[in-house]
Amino acid sequence: MAHLTSRTAAIAFASCVLAGLSVSTPAQAREVVSFNDSSYSAGTVVIRTSERGLYYVLGDGRALRYTVGVGKSGKQWSGTTMISGKHWKPDWAPPAEVKRDIPSLPNLIRGGAAGNPMGVAAMTLSGGQYAIHGTNKPGSVGGFVSYGCIRMYNADVADLFGRVSVGTTVVVTR
């Protein structure tokens, strides 16, 4: 998965939920916080779904915290994975489950289009089923809203996109 085309990357977002049509929001959710869990090294991404928080571990007992939208009831997951791809303005193809729930969706929404739920950027997670991505529906950030993907404000996902690399460890806890 290291070299994905936009079309192939769109398919990798198989469990991401459709978002709305509004514009991006400033990075109002990002802040440096105390993070004293020594089991995570600097550069690790830790997502705590119960808190709807994503932590980018800085080291020295600190992390950058972002508010995120997470999987709705029955769509949450936990485990350790890694970032397998980074995509700017990715295309999105609704997975079968989403298409079944919202049959009026087109089969493909091009990257950068107002109705594309990936927002400005996406980082696919190993296995290809989920991603950490932006949204064009900022009101959904902070809720239990997705089919399993991690949803961020566009400004925040752009910030995180610049901090992580393919291979970065991602730990998702409940």
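Contact here means heavy atoms within 4.5 Å. Keep that in mind as you load the chain, a predicted model: among contacts between residues at least 6 apart in sequence, 69% join residues at least 24 apart.

**Stop 1: the whole chain**

Start with a cartoon view. You should find three helices and 11 strands, and if you trace them along the sequence, the pattern reads α-β-β-β-β-β-β-α-β-β-β-β-α-β. Switch on the surface next. The accessible surface comes to about 7,500 Å², and carbon and sulfur atoms account for 50% of that. Of the 174 residues, 52% are buried.

**Stop 2: the sheet**

Now hide the surface and select the strands. Nine strands make up an open sheet with mixed pairing, and walking across takes you through β1-β4-β3-β2-β11-β6-β7-β8-β10. Pause at the two ends of that walk: β1 and β10 (150–151) are the edge strands, and each has a single partner, so one side of each has no neighbour in the sheet.

Then go to β6 (residues 79–88) and its pairing with β7. These two run antiparallel and are joined over five bridges. To get your bearings, pick His 87, which sits opposite Ala 122 in β7.

**Stop 3: the nonpolar cores**

Show side chains for Val 45, Leu 54, Ile 132 and Leu 160. In the largest nonpolar core, which has 25 residues, these four touch the most other members. The elements giving two or more residues to this core are β2, β3, β4 (62–67), β7 (121–125), β8 (131–133), α3 and β11 (169–173).

Center on Ile 132 and expand the selection to what touches it. Leaving out residues up to four places away in sequence, Ile 132 has contacts that include Val 45, Ile 47 and Leu 54, along with Ala 121, Ala 122, Met 123 and Leu 125. Ile 150, Met 152, Val 157, Leu 160 and Val 170 are also among the residues touching Ile 132.

There is a second core to pick out, separate from the one you just viewed. This one has eight residues, among them Val 46, Tyr 55, Ala 63 and Val 171.

**Stop 4: a buried threonine in a loop**

Select Thr 49, in the loop between β2 (45–48) and β3 (53–59). Is Thr 49 buried or exposed? With a relative accessibility of 3%, Thr 49 counts as buried. Show its neighbours: beyond residues up to four places away in sequence, Thr 49 touches Val 70, Gln 76, Phe 144, Val 172, Thr 173 and Arg 174.

**Stop 5: helix α3**

Move to α3 and color its buried residues, which are Asn 154, Asp 156, Val 157, Asp 159, Leu 160 and Phe 161. Which elements help cover them? Turn the strands back on and you'll see that the cover includes β2, β3, β4, β6, β7 and β8.

Two of those buried residues are aspartates, Asp 156 and Asp 159, and they lead to the last stop.

**Stop 6: the charged network**

Side chains of opposite charge can pair when their charged atoms come close. The structure holds seven salt bridges; here you can follow a linked set.

Begin with Arg 30 and Asp 156, whose closest N and O atoms are 4.0 Å apart. This pair ties together distant parts of the chain: Arg 30 is in the loop between α1 (6–12) and β1 (31–34), Asp 156 is in helix α3 (residues 154–163), and 126 residues separate them. Check the surroundings, too. Arg 30 is partly exposed at 30% relative accessible area, while Asp 156 is buried at 0%.

Next, select Asp 159. This residue also forms a salt bridge with Arg 30, with the closest N and O atoms 3.1 Å apart. Again the link joins helix α3 to the loop between α1 and β1, here across 129 residues. Asp 159 has a relative accessible area of 19%, so this residue counts as buried, the cut-off being under 20%.

Finally, add Arg 163, which meets Asp 159 in a salt bridge (2.8 Å, N to O). The two are four residues apart in helix α3, so about one helical turn separates them. Arg 163 is partly exposed, at 37%. Display Arg 30, Asp 156, Asp 159 and Arg 163 together: salt bridges with shared partners join them into one network.

Definitions and conventions:
Residues numbered from 1 in each chain as written. Predicted model: local features only at pLDDT ≥ 70, side-chain atom pairs only at ≥ 80, totals over all residues. Heavy atoms only, no water. Salt bridge = Lys/Arg side-chain N within 4 Å of Asp/Glu carboxyl O. Buried < 20%, exposed > 50% of the residue type's maximum accessible area, 1.4 Å probe, protein only. Areas by Shrake-Rupley, 256 points an atom, 1.4 Å probe, with all protein chains shown as cover. Core = buried A, V, L, I, M, F, W, Y, C linked by side-chain atoms within 4.5 Å. Pairing = 2+ DSSP bridges.
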